[in-house]
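Work through the following exercises with the sequence and the model open side by side. Each task is followed by a solution that proceeds in steps.

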Amino acid sequence: MRAGRTGTVAVLAGALALAAFTAPAAEAADTGITVSEVVVNNGKPIVVGTSETKNPSVSFHMTWTSKHSMPDVEVSPFLYRGTSAAKAADSGGIYLGGLTCYDAGTHAADCDGELYLRPRNDLDSTADATTWKLGAAARLWGSDGQPKTEYLNALSTARIQRAARATVNAAPEPVAKGKTLTVTGKLTRANWATHTYTGYGSKLAKLQFRKAGTSTYSTVKTVRANSAGALKTTVKASADGYWRYTFGETSTTGGATAAGDYVDVK
């Protein structure tokens, strides 16, 4: 979809967003289009579960040669893994969902849009939880009505992480003051090969407590999950309040915090 002079919205979906740009390598050309100031998902990791579609934001600045105007220019950014954006255009990536571009001076525009990420279609292995490159397919329309297409490599990067979950259960409830509470739980994370949440084995989690009537949790101890992601430990009951397990993100997995489980201490 060719851009309007003051701005246009291209509503596209997944691979369809790039299909119009795909061209044989022999047709690749220097379009004179440059893309800079790229920001993906506001600079934050993209945390993805097993089924929910994600629409991470993407913004950039682009310029083109003086012989052309904004309606002649099309740029479609996408995330890819591998050696080049051109190869990824044929083998698969995470493509544009929609884009709006506005004039930003002579032969320049600022663009804001979003990518279209479907875990069941775009992610098929836990190896996809890594740093992806952002490339772009750039197309320049000439006066003869024929386009030139160029693939721009590694304009930026974005980290994709597996979504995680944590649960907790403190028992018995109620419990006598000074008696033992057993606090169990489970840590799981998205498995894109099976499209299910599976145990996050051997992960360390913090057991935290918030006394009734207060707003702040404090860490009581650190507990390591077993190979299946199960957590279990004991504590002494001292006051009414909420118990939870929590852990922070890693390079491959987002953090998770269980909803607090209230225990009445008699």
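**Exercise 1. Strand pairing**

In which sense do S16 and strand S18 (residues 261-263) pair, and over how many bridges?

Solution. In this predicted model, S16 and S18 pair in the antiparallel sense, and the pairing runs over 3 bridges. To locate it, start from Trp243, whose bridge partner in S18 is Asp261. Next, turn to strand S17 (residues 256-257), which pairs with S16 in the antiparallel sense over 2 bridges; here Thr246 has Thr257 as its bridge partner. Finally, take strand S13 (residues 204-211), which is joined to S16 in the antiparallel sense by 6 bridges, with Leu207 facing Tyr245 as its bridge partner.

**Exercise 2. Burial of a strand**

Determine how many residues of strand S16 (residues 241-247) are buried.

Solution. Apply the cut-off that a buried residue has under 20% relative accessible area. By this criterion 6 of the 7 residues in S16 are buried, and the strand is therefore described as mostly covered.

**Exercise 3. Salt bridges**

Find the salt bridges in the whole structure, and state for each how its two residues are exposed.

Solution. The search of the whole structure gives 3 salt bridges. Begin with Arg81 and Asp128, whose side chains meet at 2.7 Å, N to O. Arg81 lies in the loop between strand S5 (73-80) and helix H2 (85-91), while Asp128 lies in the loop between helix H3 (119-122) and strand S8 (131-141), so the pair ties together parts that are 47 residues apart in sequence. Arg81 is partly exposed at 39% relative accessible area, whereas Asp128 is buried at 8%.

Continue with Arg118 and Asp122, whose closest N and O atoms are 3.7 Å apart. Arg118 is partly exposed, with a relative accessible area of 24%, and Asp122, at 17%, counts as buried.

Conclude with Lys266 and Asp264, for which the closest N and O atoms are 3.0 Å apart. Lys266 is exposed at 63%, and Asp264 counts as partly exposed at 25%.

**Exercise 4. Confidence**

Where does pLDDT stay under 50, and how many contacts beyond four places in sequence does the model have there?

Solution. Consider the whole protein before its parts: the mean pLDDT is 90, and 89% of the residues reach 70 or more. Over residues 1-17, however, pLDDT stays under 50, and the model has 46 contacts beyond four places in sequence for this stretch. Residues 19-27 also have pLDDT below 50, with 14 contacts in the model beyond near neighbours in sequence. Where pLDDT is low, the predicted coordinates should not be read in detail.

Note on methods: Residues are numbered from 1 along each chain as its sequence is written. This is a predicted model: local features need pLDDT of at least 70, side-chain atom pairs count only at pLDDT 80 or more; totals for chains, interfaces and linings use all residues. Side-chain values use heavy atoms; hydrogens and water are left out. Buried means under 20% relative accessible area, exposed over 50%, partly exposed in between (1.4 Å probe, protein chains only). Helices (H or I, at least four residues) and strands (E, at least two) are DSSP runs, numbered from the N terminus. Two strands pair if DSSP finds at least two bridges between them. pLDDT is the predictor's confidence in each residue, from 0 to 100. Contact means heavy atoms within 4.5 Å. A salt bridge is a side-chain nitrogen of Lys or Arg within 4 Å of a carboxyl oxygen of Asp or Glu.
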